[in-house]
Amino acid sequence: MSDVSGIVLAAGAGTRLGRPKAALVVNGERLVDRGVRVLRSAGCGEVVAVVRTGMEVDGATVVVNPDPDRGMGSSLRLGLGAASGPRAVIVLVDTPGIGPDDVRRVLGVQAPFVIARYGERRSHPVAIDRSVWAEVAALADGDQGARPFMRAHPDLVTDVACDGDPSDIDTPDDLAGWDARTGSSP
């Protein structure tokens, strides 16, 4: 899998949380660094971190989203544009319960578009073959990311059962809940 590109989408402002999520420390590690580590541990030879201005990230090619308020779609386009592999696997910075095993499961399925499923919920990671990157990027809009592509091409989407926790940290209550479950503190 060393030719697979991993992408961490980490440019959001964290408006509901009150601070950018990428710099948030959970279980002793910044969320952006955790995303890079998870992708590297899963076998990605290249990792691209799409971040806000001023964020430094070790172990990744850093791409600054000059207008992150345009939403996740703009970060997805930038990440795909910077990736060089034949496939890309995307994770969100605010999902610390998704681990390397989830990434490996998604990458273990050869299909144009593979998405993790946790029970009845679809979530990240998402693996996308280069053959559909241009259309995924063209359809990505606002905070929709790849959802418009999935709606337009359900026949190209394959679900893979995963065991991680896809819960995201969007609010102070989400963070408190994560801390209570894992014993971490910011």
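# A guided tour from the pocket to the strands

The strand β8 gives the lining of the largest pocket its largest share, 6 residues. This is a predicted model, in which local features need pLDDT of at least 70 and side-chain atom pairs count only at pLDDT 80 or more, while totals for chains, interfaces and linings use all residues. Residues are numbered from 1 along each chain as its sequence is written, and side-chain values use heavy atoms, with hydrogens and water left out.

**Stop 1: the largest pocket**

Select Lys21, Met72, Leu92, Asp94 and Asp143, which are the closest to the centre of the largest pocket among its 38 lining residues. Its volume is about 980 Å³. A pocket here is an open set of points on a 1 Å grid over the protein atoms alone, where a 1.4 Å probe fits, with protein on both sides within 12 Å along at least five of seven lines; lining residues have an atom within 4 Å of a point. Grid points are joined across faces, edges and corners, and the volume is the space filled by probe spheres set on the points.

Next, colour β1, α2 (72–82), β6, β8 and α5 (147–152), the elements that give two or more residues to this lining. Helices (H or I, at least four residues) and strands (E, at least two) are DSSP runs, numbered from the N terminus. By residue class, the lining divides into 18 nonpolar, 10 polar and 10 charged. Nonpolar covers Ala, Val, Leu, Ile, Met, Phe, Trp, Tyr, Cys and Pro, charged covers Asp, Glu, Lys and Arg, and polar covers the others, Gly among them.

**Stop 2: strand β1**

Select residues 5–10, strand β1; 6 of its 6 residues are buried, so the strand is largely enclosed by the rest of the structure. Buried means under 20% relative accessible area, exposed over 50%, and partly exposed in between (1.4 Å probe, protein chains only). Ser5, Ile7 and Leu9 point one way from β1, and Gly6, Val8 and Ala10 point the other way.

Add β4 (residues 46–51), which runs parallel to β1 and is joined to it by 6 bridges; two strands pair if DSSP finds at least two bridges between them. Leu9 stands opposite Val50 in β4. Then add β6 (residues 87–92), also parallel to β1 and joined to it by 5 bridges. Here Ser5 has Ala88 as its bridge partner.

**Stop 3: salt bridges**

The whole structure holds 8 salt bridges, each a side-chain nitrogen of Lys or Arg within 4 Å of a carboxyl oxygen of Asp or Glu. Show the side chains of Arg87 and Asp129, which meet at 2.9 Å, N to O. Arg87 lies in strand β6 and Asp129 in strand β8, so the pair ties together parts that are 42 residues apart in sequence. Arg87 is buried at 6% relative accessible area, and Asp129 also counts as buried, at 17%.

Move to helix α3 (residues 100–107), where Arg104 and Asp101 lie 3 residues apart, about one turn of the helix. Their closest N and O atoms are 2.5 Å apart in a salt bridge. Then select Arg117, Arg122 and Asp159, joined into one network by salt bridges that share partners.

**Stop 4: backbone details**

Select Pro125 in strand β8 (residues 121–129). A cis peptide bond joins His124 to Pro125, with omega about 5°. Finish at Asn27, in the loop between β2 (25–26) and β3 (29–30). Asn27 is not a glycine, yet its phi is positive, about 55°.
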